[in-house]
Structures are given as C-alpha cells and as structure tokens.
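Biologist: Please show me the model, and let us go through the terms used to describe it.

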There are 2 protein chains.
Amino acid sequence: MENFVFFNCTKIIFGRGTEEQVGTETKAWADKVLLHYGGGHIVRTGLKAKVEESLKKAGVSYVELGGAQPNPRVSLVREGIKIIREQGIKFILAVGGGSVIDSAKAMALGALYDGDVWDFYMGKVEPTQALPLGVVLTIPAAGSEASTGSVITNEDGWLKRSCDHVILRPKFAIMNPELTYTLPPYQTACGVADMMAHIMERYFTNVREVDLTDQLCEAALRSIIKYAPRALEEPENYDVRANIMWAGTIAHNDLLGTGRIGDWASHMIEHELSGIYDLAHGAGLAVIFPAWMKYVYKHDVQRFVQFAARVWGVDPDYHDPEKTALEGIRRLEEFFKRIGLPTRLSEAGITDDRLEEMAAKCTDNGKRTVGSFVKLTKADVLAIYRLAV
Amino acid sequence: MENFVFFNCTKIIFGRGTEEQVGTETKAWADKVLLHYGGGHIVRTGLKAKVEESLKKAGVSYVELGGAQPNPRVSLVREGIKIIREQGIKFILAVGGGSVIDSAKAMALGALYDGDVWDFYMGKVEPTQALPLGVVLTIPAAGSEASTGSVITNEDGWLKRSCDHVILRPKFAIMNPELTYTLPPYQTACGVADMMAHIMERYFTNVREVDLTDQLCEAALRSIIKYAPRALEEPENYDVRANIMWAGTIAHNDLLGTGRIGDWASHMIEHELSGIYDLAHGAGLAVIFPAWMKYVYKHDVQRFVQFAARVWGVDPDYHDPEKTALEGIRRLEEFFKRIGLPTRLSEAGITDDRLEEMAAKCTDNGKRTVGSFVKLTKADVLAIYRLAV
C-alpha cells in the first residue's frame, strides 16, 4: 500500500428536503454569493425558486450566472470571474450537476489569481487558493460535489483539461435524491457510467496488497450495478435514487483510491472525444472503458479475473484466466448496453476520421504517455480508439 | 435510506515515516500543546523521542501528561484539564491508541466548560465547543482517530459512558502502520474485534434499501477477516498492518453508517463488563456480540442470512434460513477464537455473580432500553449476559 493523505472536509447534507437548508449553510460562509447554474431545468422543477427563497430567508444576497453547459466552457468561467471581482463576491453556490460545479470551481480558482484561469488547467501554475463554494446537487455522476477535481473545455482548440487540488473540495454538498427523479433515462445512465468509471480508474492499479480498497471498490460497483436498472424502471423510487446518488459521491471523493495509484487513461482518452464532439462524458466512458480493457488486460490478467468474479459474479475458469477476464469485460459492455448507453463510437454517431487527431492531442503529439496501469503511447491510444469504432 | 449529515474533516496522513510530520501539522494549530500519552510503550519504541524532536524542530513547545490507561479514567481527564487551563494550552496532541485519544477528547471538551467534564458523559449537557486535537495513532482498534466519540470511565461507581459529537473529530491523524509492528498478538486481536464490532453495530439495522452501505460494511469486514490472522502470523508485514489500520478508521468514521440507524446495544452491554472488570474492550465485544446475535437473530433472520453469506461465504440453505443465520454467528465465534480471543465470560475469567448488577446499570435500573435493531429491556440484557457465561 502506498502512503497517502486523505482530507475531505465537504459537509454532506443528504436526504429529503435538505435543499431548504441551503440558506443557512451558505450564510455561514458569506452574505453575498454568486448563484451559478446551468439551463432551465432547475427553473422548471422549481428548485431555483426554492434555493432563492432559502437564501433570502437567511439574509444572503446573490448575483446570478446561469448557462453552464455539459463540458463547461472556459469563456463562461471568465465571465463568472469578472462578475465575482466586480461585485466583491466571496462565495459561489453551484446548483446543478458536475458541469455547473466544475465551472464554479474554475471561477473559485480564477477569482483569486492574477493571470488567466486556463493556466491552472494547462498545468502552468499550481493552485494555492480558491474561493469557498457550496453545492446543491441535481445529477449524481461526476462526484464533483466532494471531489478535488474540475474539468473545463477551452473552445480555442477544443481542449478539455482538468485541474485537481484539495482546495477545490466544496465546503458543503446538499443532496436530495428527489431532485434526481426528473433526470431523463439517458442522463441517469450516463451518470452511472461516470461513477463506475471513477471507481474503475482507481481499481486498475499495479499497487499490491490493497485488498481493503479493492473490496470497497467492488462493493460500490456491485451496488451501482444493482440499482442502476431499477433507477431507469422506477425513476421516482427514493431509495434507489438515494443509493445511486451517494454512490456517485463515494466513487470520486478519493476514499476508494487511498493507498493506490489510479490509472485515469480512459478519462484522458475520453476527454478528447467529448471535447471535440460534445458527447456526454458518461457515454464516452461507456465506449472507451471496455476498449481500454480489451487493450490492456494482458498486463495483469488476474486483476481482470478478480474484477470479473467479484464485480460481475463470473464463475472463474481456473484453467483459462483470460477467458474469465474477457467475460468480465463482456459483462461490463452488456451492462452499459442494458442501461441504454453506446459502447461503440459508431453507436454514438462518431466516425473514425479524427482518431489520429485525438490520439495526438491526448498524448501531446506523442510527447507524453497517459495512464499508470499501463503507460500508453500515442500509438496505443490510437489503437484503443480503433477498438472502439 | 434515512437522511444524514456526514462531515469528517480529519486529515489522515497515512504511511511509512509519517510521524515525522507531527511537528509541522501541530504547528498549524498551536505553538504550545499538551502531549498526552499512555504508559512506557511509546518511550521504549522510541516514538516519544521522535515526536518530541519533530515538535521542537517545528518550534512547538509542549507540556507532558502520560498515564492514560485502557478504559481511561475521568480523574486523569480532570488533571489534564487543570494543566491545560493553568498553562494556557490551546491544542492537545494524543500519541497512542483509543484510550489516549478518548482521554484527550474529554480534556478538549472539559477545558472549555465551566462545570465538571463528566456532565457531558452523563448527557447533562450537549457539547458546543472543544479544543482542537491531533493524533499519532499506535493501535488500530477504536477508530477514535477520526470518530466523533469518546468513552470514559468514572471510578466513582465504575461507570463507563460515552459522549458523541462532531466537534470531537481530531484535526489530523498520523497513521504509520510500522508503529503497530510491536503490538502484542492479543492486543492486535482485540483491536480487530473492536473494529469489526463498529461495523456490525451499523450493519444490523431495521432501515431497508441500504445496499450500498451494506456492501461497504461487508467489504470492510471481509478484508479485516482476511488480514487479521496474517497480522498475527506476520506482525511486521507492512501491507497487512496497513490494511488493518486503515480498516479501523473506516469502520468508525461513520461513512459505513450513513443513511442507516445503528444498533449499539452490544457496545453498551460490553461497557458494563469492561467498566467493572477492566477487561479489554475488544475482548469484551468478542464475548458479547455473538451472544447478542443469538438472542436477536429471529428479529430479522434474512439480515443474518445475508451476513452469513456475504461476510462469511456461507452457502445459504434456502430451505432453512435459521440454520444459515446461525452458521454465520458460529463462524464469527470461530474467527474470534482463531485469533485468540475469548467468546465466553468464563474464558475471560469472569464469573456470573454480577450479571444482575450489570444489567441494571446498563438499563439505568430498567428505566431505559438499549439498542435499536431490537430494543432490549433489563431482562433481555440479563439474558444476553447469561448466554455469554
């Protein structure tokens, strides 16, 4: 097991009606905040009105900035930073899913930085300070409500890049599973793929003797696999939505990565896809992760056997571990299909004419490798895209 | 699933050599601290000298208070509070296991309270403030390094009582598995029983549809069961000790209890034992938990079937769920025996002449019930003690 620091101060306020606490939770941090959100969904469901009422009741004034979109853009982040500075705002309240939260995190970083916020995402500077932010979560998927990460897309070159730092963990996350009842099936499924990917990125490691976190990863995966189809069948089943929602947080608050070295190649390979095509991140992961697995499983067949046996209940063929490993990958693909996700680029409406370009961008023109379980060159990444066609 | 708040700000610094960071971590909180510990163990192993050197190097001065013993006493807590006040100390550094940490937590509470610290443990007052404290952990067991709880024994009447509040979570916990190499086998085993009990108290719940935390509880239990015998066979195997140590924290930082209502009867029944007899808490739990299970399993046979199947790998007899449930309990007892723990009062050298007295104390003379999975009266508690004879 590797040395680690685990420091997660996000206060999780989970359950029915918890959005009514947003005013008092926010008031503990600031009197005037930026209320950041996405499109009209939170208006239509009445959540926005509820949040505003709670803020007013607690004596918190706010400036609004909507418009965060899937694969959130740096242009809107810059706009938010300008507003924050002009209005002397000290706290950001993000109401929405991962895109809104990631966008808010970028603003939190940029507001206290003299240069351009994109510097953090290009690795030019390390974060040292950020405004505090809070979350009312509406989409269980990205885990950004308690994570250290933020992923932003720069329209200039369509680069999708991430920034990770412990100061980016939100101060609180209000999570009412009822708010997810209205999520369309496809978005529910994309969220499921995203949280599963967050676990699997940590699961496929070369670090030995990490059975505790192995078991915890497998446990969370099994529970997501159990509840996801039910979330599609019974979208207003509170307990089903609650288990999924909490799993999404645990999948990515890094508890499951403690003492391990994660891989993250699939995320980086996927980012090029959804950076260019504006595909849902979860759908992209459902396409890329199985292809990545098929490409790398021989590196540690026994880990894939364990994945097949413990996560998917595959009865191992002890004389043919490869067969067992491949059966685990097949089950994962089958599961993604069952919940309505594409598992091939073609099913996502993506042709094979820009694979070279994406492989180049992903590896900085072949100057770097991606991943840790197996270090992938540009040629490897291209081969994985081809397996996914 | 129940509504919950999960707020755990303890910074975990885990791994080889991490005790050398104690000075800088402490310095972030205070320039002068109370250094609290137990007996001579940390002197003999050289840990105390290392901690002192790190504190000095960071420019932190300290006042020492040793002498915390298993089932830590309120008299020493009062002594600590006096020192803290006289010396104007603002931070407590606990170096040791659960007893030292619980003792430090009590001092942290009492130092900022006008009345007697025991009031908190008798439920006369609710905690509202506490001094911050940090931990260098030497015994994986109680989980106090990241928990909200503190258990103290009052010599006046030998009452062992607990106080729980989120402000009691330590600010940091330094955890180097190498520091546990020198733990005697019996103490290692007692720690294992304690952490398993912390999980099982949360596991046996009447709340339905909590599969995610069910699975996480089962996962942690399986990993502890896997590594515990190896910790006895290979006490200096780093990875084995590391998995056990981290499991002890996760078992009791309340992640595994999120959305559930735990039971805690076994802890309360055990506290009367170790309050009177000064038995190791983990050994007492190894005696009481199986007895509690035998007494209550009919309340929800299927939950015990799940426990047997998923935790112990029992192949369920679908025509005879009770048989499966009992086999799970038998496996738990067998496991405790295998790692060298008593599973009967007689094996712990305790006779049956004070069972009535303990049942009375545990239930406040029959005026309250204990537990939540099944609410136990004084007669029930007495029956459980008798099953444990």
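Biologist: Why can one say that the copies meet through the same surface?

Modeller: Of the interface residues of chain A, 100% are also interface residues in chain B, so the two copies meet through the same surface. This is a predicted model, in which local features need pLDDT of at least 70 and side-chain atom pairs count only at pLDDT 80 or more, while totals for chains, interfaces and linings use all residues. Residues are numbered from 1 along each chain as its sequence is written, and chains are lettered from A and ligands numbered from 1 in the order in which they are written.

Biologist: What relates chain A to chain B?

Modeller: A turn of 180° and a shift of 0.0 Å along the axis lay chain A on chain B with an RMSD of 0.0 Å (least squares on the C-alpha atoms of residues with pLDDT of at least 70 in both). That is the relation of a two-fold axis. In chain A, the C-alpha nearest the axis belongs to A:C9, 2.2 Å from it.

Biologist: Why is A:G248 called buried?

Modeller: A residue is buried if 20 or more other C-beta atoms, placed from the backbone, lie within 10 Å of its own, exposed if 12 or fewer, and partly exposed in between. A:G248 has 31 C-beta neighbours inside 10 Å and therefore counts as buried.

Biologist: Which residues is A:G248 in contact with, leaving aside its neighbours within four places in sequence?

Modeller: Those in contact with A:G248 (C-beta atoms, placed from the backbone, within 7 Å) are A:P140, A:A141, A:G143, A:G191 and A:M195.
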